[in-house]
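Open the model in your viewer and keep the sequence panel beside it. We will go from stop to stop, selecting a residue or an element each time and looking at what is there.

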Amino acid sequence: MKLLHVDSSILSADSVSRTIGTAIVERMRQAAPGLEVLSRDLAAEPLPHLSLANLASDHPIAAAHGFSQDVSAARTASQDALQEFLDADIVVIGAPMYNFTISSQLKAWIDRIIAPGKTFRYGEKGPEGLAGEKRVIIVVTRGGFYGAGTPMAAAEHAETYLRLVFGFIGVTNPEIIIAEGVQMGPGQRAVALQGGLEAAAHLRAA
Ligand SMILES: Cc1cc2nc3c(=O)[nH]c(=O)nc-3n(C[C@H](O)[C@H](O)[C@H](O)COP(=O)(O)O)c2cc1C
């Protein structure tokens, strides 16, 4: 069994999403000895913005532009990111909220994994997700509070976006742990971190 661990916080050791994500990976590792874990740190090694020059060679748009045979390093890097996702049984994602949505680093990764013919396709009934067999666990961290009924609820475009995008590729029920209010003082930060770690400890074992 394979687990892909994706981090996107620009903070390192101090990051709440990294701390909770690491706890999740450890829990899965203990539950499934022999679990193969691959880590991709999008802050340490960012993928560039998606462009025609770095679309995977077998992407229909690259093919339409005559790039099917082009296996340049930029295209290979995109293909590798997609393949890691396709190969994974479990995907753990750290997703801090930056400016009301996910980080641009995580968006660049999502731009690689939403791949026609690989993770979704359009059929007669509209779009069909092809990645529904995967278990996706997402840690969303936020400086403020965005829950239902709060004044900032309408500004939440991180969790809502991730639910939509993973639903689109067939992962209709991602497991989402939310640690919020992280910037509302050390006490609330500790509460949010502790709550996230407890939720991680109660996740279904791999
Ligand atoms: C560049 C930047 C932008 C941020 N924008 C928001 C925001 O729009 N809303 C919010 O609630 N918190 C915001 N925050 C706070 C983070 O979401 C919060 O600190 C979270 O804990 C970050 O996750 P991490 O600890 O894993 O890095 C921002 C933080 C940074 C560094």
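Select F100. F100 is partly exposed, because 15 other C-beta atoms lie within 10 Å of its own. On this scale a residue is buried with 20 or more such neighbours, exposed with 12 or fewer, and partly exposed in between, with C-beta atoms placed from the backbone. F100 lies in the loop between β3 and α4. Its phi is positive, about 75°, although F100 is not a glycine. Most residues other than glycine have a negative phi.

Before moving on, two notes on reading the model. Residues are numbered from 1 along each chain as its sequence is written. This is a predicted model, in which local features need pLDDT of at least 70, side-chain atom pairs count only at pLDDT 80 or more, and totals for chains, interfaces and linings use all residues.

**Next door: N99**

Now select N99, placed in the loop between β3 and α4 (104–113). N99 also has a positive phi, of about 50°, and is not a glycine. Is N99 buried or exposed? N99 counts as exposed, because it has 10 C-beta neighbours inside 10 Å.

**The whole chain**

Zoom out and colour by secondary structure. The protein chain has six helices and seven strands; helices (H or I, at least four residues) and strands (E, at least two) are DSSP runs, numbered from the N terminus. Follow the chain along the sequence and you will meet the pattern β-α-β-α-α-β-α-β-β-β-α-β-α.

Turn the model around: along its principal axes the C-alpha trace spans about 55 × 40 × 35 Å. For 206 residues, a compact globule would have a radius of gyration near 17 Å, and the chain agrees with its 17 Å. That radius is taken over C-alpha atoms, and the globule rule is 2.2 Å times the number of residues to the power 0.38. Buried residues make up 34% of the 206 residues.

**Helix α1**

Select residues 16–31, which form α1. What distance should the 16 residues of α1 span? At 1.5 Å a residue they should span 22 Å, and the end C-alpha atoms are 23 Å apart, which agrees. The expected span is 1.5 Å times one less than the number of residues in the helix.

Show the buried residues of α1: V16, S17, R18, I20, G21, A23, I24, V25 and M28. They pack against several elements, including β1 (2–7), β2 (36–41), β3 (90–96) and α6 (186–201). E26 is in α1 too, but E26 is partly exposed because 13 other C-beta atoms lie within 10 Å. Draw a distance from E26 to K134: they are 108 residues apart in sequence and 18 Å apart in space, C-alpha to C-alpha.

**Around the ligand**

Select the 17 residues around the ligand; S9, S17, P96, G143 and V182 come nearest. A residue is near a molecule if its C-beta atom, placed from the backbone, lies within 6 Å of it. Two elements, α1 and β6 (135–142), give two or more residues to this shell. Which one gives the most? It is α1, with three residues.

**The nonpolar core**

In soluble globular proteins, nonpolar side chains tend to be buried together. Here the largest nonpolar core has 46 residues, and V91 and A95 have the most contacts inside it. α1 gives the most to this core, with six residues. Such a core is a set of buried Ala, Val, Leu, Ile, Met, Phe, Trp, Tyr and Cys residues joined through C-beta atoms within 7 Å.

Select V91. Leaving aside neighbours within four places in sequence, V91 is in contact with L4, V6, F85, K134 and V136; two residues are in contact if their C-beta atoms, placed from the backbone, lie within 7 Å.

Step across to V136, in strand β6. V136 is buried, because 20 other C-beta atoms lie within 10 Å. Beyond four places in sequence, the contacts of V136 are V91, I93, F166, V171 and P174.

**Last stop: A131**

Finish at A131, in the loop between β5 (126–129) and β6. A131 is buried, because it has 21 other C-beta atoms within 10 Å. Outside its neighbours within four places, A131 is in contact with T119, I169, G170 and V171. Its C-alpha atom is 9.1 Å from that of F168, 37 residues away along the chain.
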